[in-house]
Amino acid sequence: MEYFIELFLGGLTRGSIYALIALGYTMVYGIIELINFAHGEIYMIGAFTALIVASVLTLLGFNELSILVIASLCAVIWAASYGFTIEKLAYKPLRKAPRLSALISAIGMSIFLQNYVLLAQTSDFLPFPALMPEFGFLEPYAHIMSSAEVIIVLTTALVMAALTFLIKFTRLGKAMRATAQDRDMALLSGVNVNRVISFTFIIGSATAAVGGVLIASHIGMINFYIGFIAGIKAFTAAVLGGIGSVPGAVLGGMVLGWTESFATGYVSSDYEDVFAFTLLVLILIFRPEGILGRSTTQKV
Amino acid sequence: MEPILDVKSITMDFGGLRALDRLDLDVQKGEIVALIGPNGAGKTTFFNCITGLYSPTRGDILITPPGKKTERINGLKPNHVTERGLARTFQNIRLFQNMTVLENVMIGRHCRTRTGVAGAMLRLKSAREEEQTIVDHSRAILERIGLSQFVNDLSKNLPYGAQRRLEIARAMATDPFLLLLDEPAAGMNAQETRELDNLIKKICDEDGISILLIEHDMKLVMSLSDRIFVMDYGRKIAQGTPEEIKNDPEVIKAYLGEDPDA
């Protein structure tokens, strides 16, 4: 039983990270119906930014907590500015073009960013400092769930709550929902759609960066390629949950996290991805719109 | 007196197809003007040009909002056109289906408010107060349009006639000086059309909003309009009072075809 709980909590941690990244995919898809393949790279850039800032701050002799806060903030801001710029450079000019063009542009952006980080940072795995504090009172339970994992889960929950509030109750959230439902009509109702799209990219990139800092600090090393793997997994999570749906992204992330965790624990860690993608295939066959997705009847 | 909307000789080409051909039209303050014509005459294209969804190939669209200077609005983005005081509805209903009736109207107030994202997220006092004003104002509009019993319903669950009225309510929330209605009576029964007739008159007389409407229901057009413009094949073929239009041979020809005996 204890083993089960351990795997369950491990899956929860993984799932949280997938969910944080999947949010960016799903929000962007909800608004402009684009799979932003460069999203995983944003996550990776967030992690690298945090690493660079943390290294500098460590040299300057800052204490641990302030390093964590400042490095995370820098990562979030820097990643958000990347998200904003990518949209303006690579997607906005193609907004009226067929959807395939924007998709290819996204893949191009992803390859470009990966290789640019590869050139700047080499392909070696770089050690990432453990930025997250250890809580003394969690010591007795450390074999089930570490402080870092608790922080990851709590941060994710907090981000979800904030995002739900933003979308449900604020004016920007209303504008986002309106834009997602009918962009022209939103324009005619006086909504500045360009700004709404920019904000969607900024928010999605910021949450991805949060995920990047958390996981890098938990695992302890990063290289230029982590964004690709995490991006594919998070994209799977978004599709599992129903792409375009924010609660769906969270649920999809969790389901994927648990699947991997249990598969690793009860079968073999070699089969982790097999189970994850088998689940994806099954969902796509039996419920192509995802767990929480609405079935989309094509509008004419 | 400057007309509040003055369209001068606009042409709209889609590749080789000329959808609008040197069309002139004007709306004076306080007027209800109808734009009629057979299907495919270019009426909706004309609305799309005015509201910024299309950018006309040639010609000028000038607006003179009350108390402001005349301005050329060709090529402005739709949200900027809306900010300048033009609002419209669509021929096929285009509500934000999965939002409540109140939210639909509140979206329309968006462009009349100043609170930024930061303010809204931090729940600053000014932002909360402004939000409350928007809610109050939106409720007041719904009250006027006769939709107050539906405030918290999802808009897709409303009866058809109510959905049509909600489109008008949302357009009115943007504080327009000119309201463009694209076939507001389409699909309505006789009772609903009568109510619409009264509603449009009320908006024009009491709120001082001028109206430009596209409509096929001739009874409604004749009852409402101060002036009528008739289009066919992208051109204006007649303009005048309802009486003049009724007896215009060009109009009869466009609608009924040539009389073989004539």
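**Entry 1: helix H1 of chain B and the six-stranded sheet**

I began with H1(B), which lies across strand E3 (32–36), E6, strand E7 (178–182), strand E8 (210–214) and E9 of chain B, and I noted that H1(B) runs at about 145° to E7(B). I keep in mind throughout that this is a predicted model. Helix H10 (residues 249–256) of chain B also packs on the sheet, where H10 touches E9 and E10 of chain B, and its direction makes about 130° with that of E10(B).

I then looked up the sheet itself, which is open, has six strands in the order E6-E7-E8-E3-E9-E10 (chain B), and shows mixed pairing. Strand E6 (86–88) and strand E10 (235–240) of chain B each have a single partner strand and stand at the edges, so one side of each is left without a neighbour in the sheet. From one strand to the next, the twist averages 20°.

**Entry 2: pairing within that sheet**

I went through the pairs by register. E7(B) and E8(B) are paired parallel over five bridges, and in this register Leu180(B) stands opposite Leu212(B) in E8(B). E3(B) and E8(B) also run parallel, joined by four bridges, with Leu35(B) opposite Ile214(B) in E8(B). Strand E9 (residues 227–232) of chain B, by contrast, runs antiparallel to E10(B) and is joined to it by five bridges; here I found Phe229(B) opposite Gln239(B) in E10(B).

How many residues of E8(B) are buried? I counted five of its five, and E8(B) is accordingly mostly covered. Ser210(B), Leu212(B) and Ile214(B) point one way from E8(B), while Ile211(B) and Leu213(B) point the other way, and all of them are buried.

**Entry 3: the four-stranded sheet of chain B**

I next turned to an open sheet of four strands in chain B, whose order is E2-E1-E4-E5 and whose pairing is antiparallel. The edges are held by strand E2 (17–27) and strand E5 (71–72) of chain B, each with a single partner strand, so one side of each is left without a neighbour in the sheet. H1 (residues 43–50) of chain B packs on this sheet too, touching E1, E2 and E4 of chain B, and its direction makes about 70° with that of E2(B).

For the pair formed by strand E1 (residues 5–14) and strand E4 (residues 58–63) of chain B, I noted five bridges in the antiparallel sense, and Asp6(B) standing opposite Leu62(B) in E4(B).

**Entry 4: domains of chain B**

The domain assignment divides chain B into domain 1 (1–85 + 176–262) and domain 2 (99–169), and over C-alpha atoms I find 27 Å between the centres of the two domains. Eight residues from domain 1 of chain B and seven residues from domain 2 of chain B make the contact. On the domain 1 side, helix H2 (78–83) and helix H7 (190–207) of chain B each supply at least two residues, and H2(B) gives the largest share, three residues. By class, I noted three nonpolar, three polar and two charged residues on that side.

**Entry 5: chain A against chain B**

Between the chains, 20 residues of chain A are in contact with 25 residues of chain B. Helix H6 (171–181), helix H7 (183–188) and helix H8 (193–219) of chain A are the elements that give two or more residues to the chain A side, with the largest share, seven residues, coming from H6(A). I recorded ten nonpolar, five polar and five charged residues on this side.

**Entry 6: two helices and one loop residue in chain A**

Helix H2 (residues 39–59) and helix H3 (residues 64–91) of chain A pack at an angle of about 145°, with their axes 8 Å apart, and the crossing is right-handed. Residues that meet across it include Ile42(A), Gly46(A) and Leu57(A) from H2(A) and Ile67(A), Trp78(A) and Gly83(A) from H3(A). The contact has 14 nonpolar, five polar and no charged residues.

Is Met132(A), in the end, buried or exposed? I placed Met132(A) in the loop between strand E1 (126–127) and helix H5 (147–169) of chain A, and with 21 C-beta neighbours inside 10 Å it counts as buried, the cut-off being 20 or more. Beyond four places away in sequence, Met132(A) touches Leu68(A), Ser147(A), Ala148(A), Ile151(A) and Ser217(A). I also noted that Met132(A) and Leu65(A), 67 residues apart in sequence, are 7.8 Å apart in space, C-alpha to C-alpha.

How values were computed
Residues are numbered from 1 along each chain as its sequence is written. Chains are lettered from A and ligands numbered from 1 in the order in which they are written. This is a predicted model: local features need pLDDT of at least 70, side-chain atom pairs count only at pLDDT 80 or more; totals for chains, interfaces and linings use all residues. Axes are lines fitted to C-alpha atoms, for helices over the stretch in contact, and angles run from 0 to 180 degrees between N-to-C directions. A crossing is left-handed if the near helix is turned anticlockwise from the far one by less than a right angle, and right-handed if clockwise. Two residues are in contact if their C-beta atoms, placed from the backbone, lie within 7 Å. Ala, Val, Leu, Ile, Met, Phe, Trp, Tyr, Cys and Pro count as nonpolar, Asp, Glu, Lys and Arg as charged, and the others, Gly among them, as polar. Domain bounds come from an automatic or database domain assignment. Two strands pair if DSSP finds at least two bridges between them. A residue is buried if 20 or more other C-beta atoms lie within 10 Å of its own, exposed if 12 or fewer, and partly exposed in between; C-beta atoms are placed from the backbone.
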